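Colleague: I have a model open and would like to go through it by question and answer. Please keep the reasoning short.

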Amino acid sequence: ELKHGMGSNKQRRICMSIPGVALMHDFVLTKNYLVFSWIKSEVYPLGGLKALLGLGPFAGALKIPEDSEARLLVLPRSLFDLCEDDAVEVDEAGDIVIDPVSDDRVMNIPIPFFFNFHFGNAYEDPDEEKLVLDMVRSKAEDFDFGISTIKGPNEHLWETIPIDEIECADMARYTFNLETQQLEDEPVVLCTQNPEFPSIPKDLST
């Protein structure tokens, strides 16, 4: 981040330790929070071998177990304020270390299960103490992405993948109560056309 006057703050790595295996691909920022989606995963050796041979994506080395669960990790951005070194744990290298499971300052919010690669938007409603997130959701249990359907170097994915068998992702809006740290309302579906890389028009972005 840039401090006032556009000079850069001293850069530190932020180490976040969570139990088990997880694929945490994206995050989103609001005025006061840094938000990750935490989907519990497991190592899938066959998928990893396919990736090494060029027969599958790197993400195929992970698999979503049947008993997986989804959570949001909501970290106050004040944890990373370099003017408040006593507020964070710092290792010998000077890097910030955070345990989102045991640190009471981190909100660990359970949500109905889905897989999430990307966020679309996020903002806070300070008057009602709410956090609003737009997230792309999928029920994918593996990460082959149809690559295994390609039989030769000159074939295109869209020519070989069985489109009717692919379950499209959607984007939904979630509203969380920051005081109770719970999902407040049922998610509202915003788009069902597989919006995997949503973005905000530059004219509307700050």
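The questions below go through the sheets, the surface patches, the salt bridges and two contacts of this predicted model.

Colleague: In which order do the three strands of the open sheet stand?

Modeller: The pairing in this sheet is mixed. Strand S1 (14-16) and strand S7 (89-90) stand at the edges, each with a single partner strand, so one side of each has no neighbour in the sheet. The order is S1-S8-S7.

Colleague: Which residue stands opposite Ile 14 in S8?

Modeller: S1 and strand S8 (residues 96-98) pair over three bridges, in the parallel sense. Opposite Ile 14 in S8 stands Ile 96.

Colleague: How many of the seven residues of strand S6 are buried?

Modeller: A residue counts as buried under 20% relative accessible area. Strand S6 (residues 70-76) is largely enclosed by the rest of the structure, because the number of its residues that are buried is six.

Colleague: In S6, what is the bridge partner of Ile 39?

Modeller: Strand S4 (residues 33-43) and S6 pair over seven bridges, and the sense is antiparallel. The bridge partner of Ile 39 in S6 is Ala 70.

Colleague: Which residue in S9 stands opposite Arg 71?

Modeller: S6 also pairs with strand S9 (residues 107-111), in the antiparallel sense and over five bridges. Opposite Arg 71 in S9 stands Pro 110.

Colleague: Now the surface. Is Leu 53 buried or exposed?

Modeller: Leu 53 is found in the loop between helix H1 (45-52) and strand S5 (62-63). Together with Leu 46, Leu 49, Leu 52 and Leu 55, Leu 53 makes a nonpolar surface patch of about 550 Å². The cut-off for exposed is over 50% relative accessible area. Leu 53 has 58% relative accessibility and therefore counts as exposed.

Colleague: What is the relative accessible area of Glu 92?

Modeller: Glu 92 lies in the loop between S7 and S8. On the surface, Glu 92 gathers with Glu 89, Asp 91 and Asp 99 in a patch of negative charge. Glu 92 is exposed, and its relative accessible area is 87%.

Colleague: How many salt bridges does the structure hold?

Modeller: Side chains of opposite charge can pair when their charged atoms come close. One of the salt bridges joins Arg 105 and Asp 103. The structure holds five.

Colleague: How far apart are the closest N and O atoms of Arg 105 and Asp 103?

Modeller: Arg 105 counts as partly exposed, at 39% relative accessibility. Asp 103 is buried, with a relative accessible area of 17%. Arg 105 forms a salt bridge with Asp 103, and the distance between the closest N and O atoms is 3.0 Å.

Colleague: Which residues are linked with Lys 130 in a network of salt bridges?

Modeller: Lys 130 is buried, at a relative accessible area of 17%. Lys 130 forms a salt bridge with Glu 128, with the closest N and O atoms 2.8 Å apart. Glu 128 counts as partly exposed, at 45% relative accessibility. The residues linked with Lys 130 in the network are Glu 128 and Glu 184.

Colleague: How many residues apart are Arg 173 and Asp 134, the pair that links distant parts of the chain?

Modeller: Arg 173 counts as partly exposed at 29% relative accessibility, whereas Asp 134 is buried at 5%. Arg 173 forms a salt bridge with Asp 134, and the closest N and O atoms are 2.7 Å apart. Arg 173 is in strand S12 (residues 170-177) and Asp 134 in strand S11 (residues 130-137), and the two are apart by 39 residues.

Colleague: How far apart in space are Ile 64 and Tyr 44, C-alpha to C-alpha?

Modeller: Ile 64 is found in the loop between S5 and S6. Ile 64 counts as buried, at 6% relative accessibility. Ile 64 and Tyr 44 are 20 residues apart in sequence, and in space their C-alpha to C-alpha distance is 9.1 Å.

Colleague: What is the distance in space between Glu 128 and Leu 178, C-alpha to C-alpha?

Modeller: Glu 128 is in the loop between strand S10 (119-125) and S11. In sequence, Glu 128 and Leu 178 are 50 residues apart. In space, C-alpha to C-alpha, Glu 128 and Leu 178 are apart by 8.8 Å.

Note on methods. Residues numbered from 1 in each chain as written. Predicted model: local features only at pLDDT ≥ 70, side-chain atom pairs only at ≥ 80, totals over all residues. Heavy atoms only, no water. Patch = residues over 30% accessible without salt bridge, like charges linked within 9 Å, V, L, I, M, F, W, Y side chains within 5 Å. Areas by Shrake-Rupley, 256 points an atom, 1.4 Å probe, with all protein chains shown as cover. Salt bridge = Lys/Arg side-chain N within 4 Å of Asp/Glu carboxyl O. Helix = DSSP H or I, 4+ residues; strand = E, 2+ residues; numbered from the N terminus. Buried < 20%, exposed > 50% of the residue type's maximum accessible area, 1.4 Å probe, protein only. Pairing = 2+ DSSP bridges. Lys, Arg positive; Asp, Glu negative; His and termini not counted. Charge placed at Lys NZ, Arg CZ, Asp CG, Glu CD.
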